[in-house]
Structures are given as C-alpha cells and as structure tokens.
Amino acid sequence: MTENLTTVEQILERKSHPVVRDASIAPTHDMHDLLLELEAKGEIILQRVPEPYVEFTTKYGRKKKIPIEHTWHHKSCGHCGHIPGYASSILWLHRQFNLDYNDPTDQTSCTGWNYYASGASNAVGQAAVMSRNFAAAYETGYFPMIHCGTSFGHYKEIREQLVHHKELRDEVRRILGKMGKPLVIPEEIVHYSEWVYAMRDRFAERQLVDMSAITATVHPACHYYKIIAEDAIYDPEIYGGQRTAVVTALLEKLGINVADYSTWFDCCGFGFRHVLVQRDFTRSYAVLRKIETMINEANPDVTITHDTGCVTTLDKSQFAAKAHDRKVGVPVLSDAQVAALAMGAHPFRVVQFHWHSTDWRPFLEKLGINWQKYWDEFQGDLDQIRAGTKSGITWQDADQPINLTA
Amino acid sequence: MTSGKVLIIGGGPSGLESARCVAELGGEAILIEKRERLGGTPDRENYAKLTHHWRDASEAMAEMAAAVTDNPNVEVKYQAEVKGMSGSAGNFTVEIEAGCVAESLNVGAVIVATGFQHFDPGRATQYYNYYSFPDVITLTDLEKMLREHNVVRPSNGKAPKKIAFVQCVGSRDRQIGNEYCSKVCCGIASKQAIELRQQIPDSKVFIFYIDMRMYGYWENEIYWPAQEKYNVNYIKGVISEVLPKGNQLLVRGEDTTMSRPMEVTMDMIVLSVGMEPSAGTRAIAQLLDIQQNKYGFIEAGGAGGLDPVATSKEGIFVAGAASGPADLDDSISKAGLAAARAVASVRKVMVMA
C-alpha cells in the first residue's frame, strides 16, 4: 500500500514497476495481420514458425515467436570473412543441445552492403535477393534464422516494402518465377540473438566457466532495435523494459556484471557508407564515443554485442587509436561467443579468439583460462593440416565442451 | 421509460462541474465515480497549484466537490463503474456496479467525463530512462514534492541544484502515435519551474522545448515572470537521451538556437508527460458504443465541428479531457455546455413524451 510511503518512496515505488505495454494501443500496424491478409489473398506463402518455439514480447506489447530448432542458418558475410568464431559459436551452441538445424551452402549474401553503403542496387533487386533466400529456406522445410544484425534490419525494411507495395511483390514474383521459386515471407524475421535470449537459461545450466568476476558493457546493434523498432524484444526484467533485452539478459544469466555507460544508445560507428568512404570517421567514432567512454565510465573487461558490423568496428578500430595513445584495449565479443566460452567451447577451434584484434588475453586470464595451452592445441591442429594428415578442424574436434579453468 | 435524470460518468473537474450545472439548471444528476473520493486527476495525482491561477489544487477540488455533495439535486455514487448500457436518448438503461452491488439506472442523458491519464514515459521511443534512473521523474511526481515543499533527488534525498524539464514527452510524436499537442504541459512546466526557484533559491532550472505554448494570459502571468523574475532558462532543442554520468544525469540533445548538439549534466530531469485517453475513457467508449478518434479520445464536435460536447450518439455528451487535451478552463467550460445540452435534451424528450 502506498499510503504509508513517503512521497519519494511513492515515486520510487511507481518507477519500480515496469512500463505496461498494451498491444491494443501500439502505434504501428501489426505485421502479422498484414501477412495473414496477403496469405489469404494468395499473394504470398507465409512460412510458419515451427514448434518448438517460445513467445516473447516486443516493444509495443505484441508477441514474437522464436523457434528453438529446425532453423535454416542465414549466415553473415562479415562473420565468415572477419570473425568466423561468431558463426562457429552459434552452430556449436545448437550442437550442444542436439538441436536440428540446416547450415545451407547455397545461401547468398543479404546484400545489405548494397542497401546501406554502396547504393549499387535497387528496391526490386534487394527484395528479390531476400525473397530468394527465404524461398530456399522454405524449400528445405527449415525456418530462416538470421545471423547478421544488418541482414536482420535490412530484411525487416524489405518486408515493409513488400507488404505495402503490390507492384514490388509482382515484380519480385516474376523474378523468382524464373528460378522456379515462390514468394515466401516467414511469419517472423528472427535474429539469432533472440534465439540466444530464448536459450539463456539452458546455457547457464551448462556453464563451466565462472564469469562472476567479469564486468561487461553491452553494445546493442542499431539494426536490431532501431530499424523497424517495434520488432525487437523488450523484457520487463531487463532495464524495466526500457531497453532491448537481448544480450544483456544473457550476460546477467551467466553471472556477468553488466555496467552502464553514457553512450549506450550510440551507434558503434560502422555506418556502412561511413566505413567505405569515411573510414576515419568510423574509427574515431567507435573509439571516442564508445570504447573510451566505456573505459572511463565502466572499465569493462569485455564488451559484448550481437551484430557483425558492431563486433568488427569496435574490435578492429582500437589498434589504430592505440597508435595515437588513445585509451583503448577492451576486447569485443558477440553474445554467442561468450555463451559458448562459458559452456566450455575451445577458445580457438570454436570461439576463434585469434581473429579478434584487441587483446583478449587479459580477459581469458581473468577467467582463469590457460589460453596458451589451448593455443598450443590449436597450433597442433594447424601442423596436422599442413602435414596433410588432417583436412581441417571438424565438429568432432570441437563439439566436446572443455572444463577450461581446470 | 423516459427519464429526466442526467448520468455523469466521472467525478473529476468536468464531471463535478457538469453535475453542479445540471442541478443549477433545475435538473437531476447522478454522478458516478470509480474511486472512493471526488476530484479526479488533480486529486489523484496530488496537484499542488493549478496553472494559471496558482490556486491550491486540493482546495479548488474540495470546493468543486462540496458544490455537488451538498447539492440535493445530485446523487453521488462512489466506487461505481458502468458495466453496460441500452436504450436511446431520453430513455437509457445503464447497468452499474457500485461497490459490489449491481444496479440499473434509468436516465435521459449521459455526460462522459472520464478524463485523461498522463502519458507513461516508459512507452516513448525517446530514451529517457524513467524506469531506470531514480532522478528522472514526471510532472506529477514533482507536483507531489512541490506540494509538500520538499523537492529532493529520489536517489539521495538531497535538494537538486540543476533541474531540467523535457517538454513534449508523449506528445507531438509520430512514432508513438500521439501526434497532438497536450496543451497544458508548457504552462505546467513553467509554473513548476517558478515553484522550484521559489523553494530552492540556489537551483538552476532549465526547460528544453520545441515550442513554448503559452496561451492567453499564461504568456504574461507565467512565461515572462519565469524568465525575468525567476531566471528559468528556456533552451530550444529536442532532448534525445538521458543517461547516467557519475552520480548525475547526462542530457543529450540539440541546441537549435546555437545550431549545435549539446550534452549537459543535471541532478534531476522532469519529463513533461502529455495527456492520453484514460483507461476509463477507452472502456466507456466501448461500453456506450460511441466513436473514438484515432488517438482513443471520445470523438466530439458534431457534424459541423461546432458542437464540442456532442458524441456520435444522441443523448450522450462528453466533457473535459475525455475528448482530447484540455486545461482546467476548457474542462469547466465544456462541462457547463454539456450540462446545458443534456438538460435540454431530456426536457425535449419529456415534452414530446
């Protein structure tokens, strides 16, 4: 009862209740309704989220279904090109729970680079690329899960364009027809970090590495929660439902101390077009607005994010700044990588720290992980590959979790 | 059967004035209020002084309530809510529940005075962190403290030295759907800024605004003294974020007069939260089957737009902020008009009957 509370206590009590999000007064249209209408008219095939799935609440109180398995892994160019530990960690996590998934070899890039950077494509081309990938997933019977935050944001924008413009749908359908593919839109566009969020309790149950001594800052990806903002997960338990919940929720579940900083909402600086034509801006922004602020205000051991571009920018901008004696040196990982590490994934065969340019050794040492031992093992793998006695590192080499601090 | 009674739903300022006017015009009023006391939002949210008359809010509400509770032509039912309605102008049957007792009322006209609620700042797309940081509060939170002459930072119980108001939170916002101006927040913020300067003389107070909307006498009675006598700083620029910085709050935005971005630290932020239709207004619109506008307020204005209390149903009228943002003068004026229209409506039916 609030009558016995002082005024300040009443104010704090009112603010302790997370905001009520009422879907009936959401300011945006409900994409689900629009997709169902198009399906009913025969305009699209609506691929349903397979069971098992979990439902979470998005920004304006609507529900979003996140599939646990039977997913088609729409991979990221930047993962595979720059930070392959990101992709291998996502799949390793699936494998720990024997989840059924499809890792396609015929997927194309989302070509978000065209859309956000070079401007070398057009709306029809972009929409056709997305639809081709979704059709390819549909034909396998698996439901698309998007690895890259940019792809996720890009596809959400295209979904709006397709849903609202019949002439675009007609043109894309014509193009897909040449490939013998139908026009498919999935019931949800799912980002892998939403799957990580759904699985965080299960990850924590199998956690082998104690992370309670670690302080981390979170960088939320603009393409995840700012683009088509209504389609991001918000959780009353995380920041009172005021900031998107993915990443932060996982870290808290793993026992990591999540520290706040005053540029939380700032972009990482990647910018796409910026990083192509004004790279100094990107580098400066990442270091001056994000990394230095994190260090000055939170002094984190690591910063965690959930997008290709963000990991790349924040990690790889620091060495240039270091040459100018700026205050840098925070290792950068994705949520999937930190979850995999927590569960005993090999630091080099799976998490692939060696692709990260900001020094990660202090972070691993603070966790009590003898990284040298695992580096030597990895070097042994490479020796075998050079000698021709091994074709590559396989899942058989990597699947078994390791008690990394033993 | 036709009835000469007028049902007023809601015991805030508009409902109270409607009831008083119905009685003054020789009619009979039934006023139902879902709380256990009258006074509406000014009472529930502990308003301190009313903009612009500076009158003590609880004293004003008590006066309005007394004009009704002491009136032999007004029956007041507390903790009562409408559950359903049937019939037509002159002969409505309204099912209510008062306490736990169901009752059926036969009335000739209805006045909806279910009012507004303040926007919940957690729903905004602006990143103000009301639910994360103790020292980000709303106008209504500050009213409570001003009323008690004890304005402190909720984080540490100390008087704030630098306070900033952020205008238009939850209003004039296409992204969250509340496109309209809530009309009163500029006046209230300026009034509160003056009160802060009076109560904490060494404080610095800032108001970050898009436009300062100071209608009529608010201009000279509030806006000019706020600046000239109380040195409140008005800065034109939208605030984009409120984030932590040490034990203060970092306010980030754009100073459009200086054409540059700005970052300033403050001890306390006050969000000028706008008006939305109350849950009661939304519910009553469904129960009475009267049209709402796209924001959820009761659609009013009549066919020609010259009837600000007419709803989509004959015999049902709306007063106050249930039809859209309104200040106290608006609410009281419309309440009087609604009362006149309602009484005229029932008399016409009774004459014809």
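**Exercise 1. Determine what share of the contacts in chain B with a separation of 6 or more is accounted for by residues 24 or more positions apart, and describe the overall build of this chain.**

Solution. In this predicted model, residues 24 or more positions apart account for 66% of the chain B contacts that have a separation of 6 or more. The next step is to list the elements of the chain, and here one finds eight helices together with 18 strands in chain B. Burial can then be considered: of the 353 residues in chain B, 53% are buried. For the overall dimensions, the C-alpha atoms of chain B fill a box of roughly 70 × 40 × 40 Å along the principal axes. The last step is a check against a rule, since a compact globule with 353 residues would have a radius of gyration near 20 Å, and the 22 Å of chain B agrees with this.

**Exercise 2. Work out how chain B is divided into domains, and what the contact between these domains consists of.**

Solution. Begin with the assignment, which gives domain 1 of chain B as 5-115 + 278-352 and domain 2 as 120-274. Between the C-alpha centres of these two domains of chain B there is a distance of 32 Å. Turning to the contact itself, 11 residues of domain 1 of chain B meet 19 residues of domain 2 of chain B. On the domain 1 side, these residues fall into five nonpolar, three polar and three charged.

**Exercise 3. Carry out the corresponding analysis for chain A, and name the element that gives the largest share of the side of domain 1 that touches domain 2.**

Solution. Chain A is divided into domain 1, residues 42-191, and domain 2, residues 207-374. The centres of the two domains of chain A, taken over C-alpha atoms, are separated by 24 Å. Across the boundary, 33 residues of domain 1 of chain A are in contact with 34 residues of domain 2 of chain A. On the domain 1 side, the elements that contribute two or more residues are β2 (53-57), α3 (77-82), α4 (84-96), α5 (112-118) and α7 (149-164) of chain A. The largest share of that side, nine residues, is supplied by α4(A). By class, the domain 1 side has 13 nonpolar, 15 polar and five charged residues.

**Exercise 4. Find how many residues of chain A are in contact with chain B, and sort the chain A side by class.**

Solution. Counting the contacts first, 21 residues of chain A are in contact with 28 residues of chain B. The chain A side of this contact then divides into 12 nonpolar, six polar and three charged residues.

**Exercise 5. Compare the expected span of helix α5 of chain B with the distance between its end C-alpha atoms, and decide whether the helix is largely enclosed or open.**

Solution. Helix α5 of chain B covers residues 185-199, and at 1.5 Å a residue its 15 residues should span 21 Å, a value with which the 20 Å between its end C-alpha atoms agrees. For the second part, 12 of the 15 residues of α5(B) are buried, so this helix is largely enclosed by the rest of the structure. Among these buried residues are B:Cys185, B:Ile188 and B:Leu196. The elements against which the buried residues of α5(B) pack are α4 (139-147), β10 (162-169), β11 (204-209), α6 (218-228) and β16 (268-273) of chain B.

**Exercise 6. Identify the residues that touch the most other members of the largest nonpolar core, and follow one of them outward to its contacts.**

Solution. The largest nonpolar core has 223 residues, and those that touch the most other members are B:Val6, B:Ile111 and B:Ile269. Helix α8 of chain B, residues 328-352, gives the most to this core, with nine residues. Leaving aside neighbours within four places in sequence, the contacts of B:Val6 include B:Val22, B:Ile111 and B:Val346. One of these partners, B:Val22, is also among the buried residues of α1(B), a helix in which 11 of the 12 residues are buried.

**Exercise 7. Decide whether B:Arg172 and B:Asp289, which have a positive phi without being glycines, are buried, partly exposed or exposed.**

Solution. B:Arg172 has a phi of about 55 degrees and is found in the loop between β10 and α5 of chain B. With 16 other C-beta atoms within 10 Å, B:Arg172 is partly exposed. B:Asp289 has a phi of about 60 degrees and belongs to the loop between α7 (279-288) and β18 (316-318) of chain B. Because B:Asp289 has 11 C-beta neighbours inside 10 Å, this residue counts as exposed.

How values were computed. Residues numbered from 1 in each chain as written. Chains lettered and ligands numbered in written order. Predicted model: local features only at pLDDT ≥ 70, side-chain atom pairs only at ≥ 80, totals over all residues. Helix = DSSP H or I, 4+ residues; strand = E, 2+ residues; numbered from the N terminus. Expected span 1.5 Å × (residues − 1). Buried ≥ 20, exposed ≤ 12 C-beta atoms within 10 Å, placed from the backbone. Contact = placed C-beta atoms within 7 Å. Domains from an automatic or database assignment. Nonpolar A, V, L, I, M, F, W, Y, C, P; charged D, E, K, R; others polar. Rg over C-alpha atoms; globule rule 2.2 N^0.38 Å. Core = buried A, V, L, I, M, F, W, Y, C linked by C-beta atoms within 7 Å.
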